[in-house]
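Colleague: I should be grateful for a close look at a single part of this model, followed by an account of its surroundings.

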Amino acid sequence: MCGNWEPGTSRSSGGRALAAALAWVVMGGPAAGADDAQWKAPAEERTRTNPLSPSPPALLKGRALFQRHCASCHGAKGKGDGPEARFGPKLPQDLTDSALQERITDGEAFWKITQGRRENADVVMPGFGREMPSDEDRWKVVLFFRSLKVEQAGR
Ligand code: HEC
């Protein structure tokens, strides 16, 4: 299990409610876009592959979109240190981290960027399906997201 979405031990009294909620999710639970408790992309989304190759123009566009839409929270280099990072209900992770990069498939990154994540009334991360209506643009952002790991390896 990935530890990131687990509640802290201080919330152990909610364990039974959590177990019930998990059972509901496992039993076929909410439709895509509503399953924020786990933020888990449906299997058919997870296995999607990026239709674009990381050509310099595609990466450049992805980088520009990232700076415009994502850097305020994720930081210009994806380290999770954007100026708005600490105002949300959760901190963004370091997107350059190789374990995170390996855990997330292209399809999953695309889905998460499109859907965003809510937790009750809080927007943890906004969805960009409307602000970036072009699938191609969002795939370019995924290309740039991937390049963050490469940049780190070259350092
Ligand atoms: C308002 C702040 C905010 C903005 C803007 C934002 N994010 Fe996030 N993002 C977050 C937070 C907070 C998390 C951590 C969510 C969590 O731990 O539940 C996150 C998580 C992620 C993850 C990791 C998902 C995982 O499974 O660990 C990726 C990838 C990501 N964001 C990409 C993007 C991209 C690309 C954009 C721009 C299109 C973007 N984000 C815009 C706040 C933001």
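Is aspartate 97 buried or exposed, or partly exposed, and how many other C-beta atoms lie within 10 Å?

Modeller: The model is a predicted one, and the description below should be read accordingly. Aspartate 97 is partly exposed, because 16 other C-beta atoms lie within 10 Å, whereas a buried residue would need 20 or more and an exposed one 12 or fewer. Along the chain, aspartate 97 is placed in the loop between H4 and helix H5 (98-103). Its C-alpha atom is separated by 6.7 Å from that of lysine 149, although the two residues are 52 apart along the chain.

The ligand is the next topic. It is surrounded by 26 residues, and the closest are His69, Cys70, Cys73, Pro92 and Met125. Two or more residues of this shell come from each of helix H3 (56-69), helix H4 (71-74), helix H6 (106-115), strand S2 (122-125) and helix H7 (135-153). By character, the shell comprises 16 nonpolar, six polar and four charged residues.

Among these elements, H3 may be described further. Its 14 residues reach 20 Å from the first C-alpha to the last, close to the 20 Å expected at 1.5 Å a residue. Gly62, Leu65 and Phe66 are the buried residues of H3. Seen down the helix axis, the buried residues of H3 fall within an arc of 105° and therefore line one face of the helix. The face of H3 turned away from that buried side carries the exposed residues Pro56, Pro57, Gln67 and Arg68.

Terms used: Residues numbered from 1 in each chain as written. Predicted model: local features only at pLDDT ≥ 70, side-chain atom pairs only at ≥ 80, totals over all residues. Near = placed C-beta within 6 Å. Helix = DSSP H or I, 4+ residues; strand = E, 2+ residues; numbered from the N terminus. Nonpolar A, V, L, I, M, F, W, Y, C, P; charged D, E, K, R; others polar. Expected span 1.5 Å × (residues − 1). Arc of directions from axis to C-beta.
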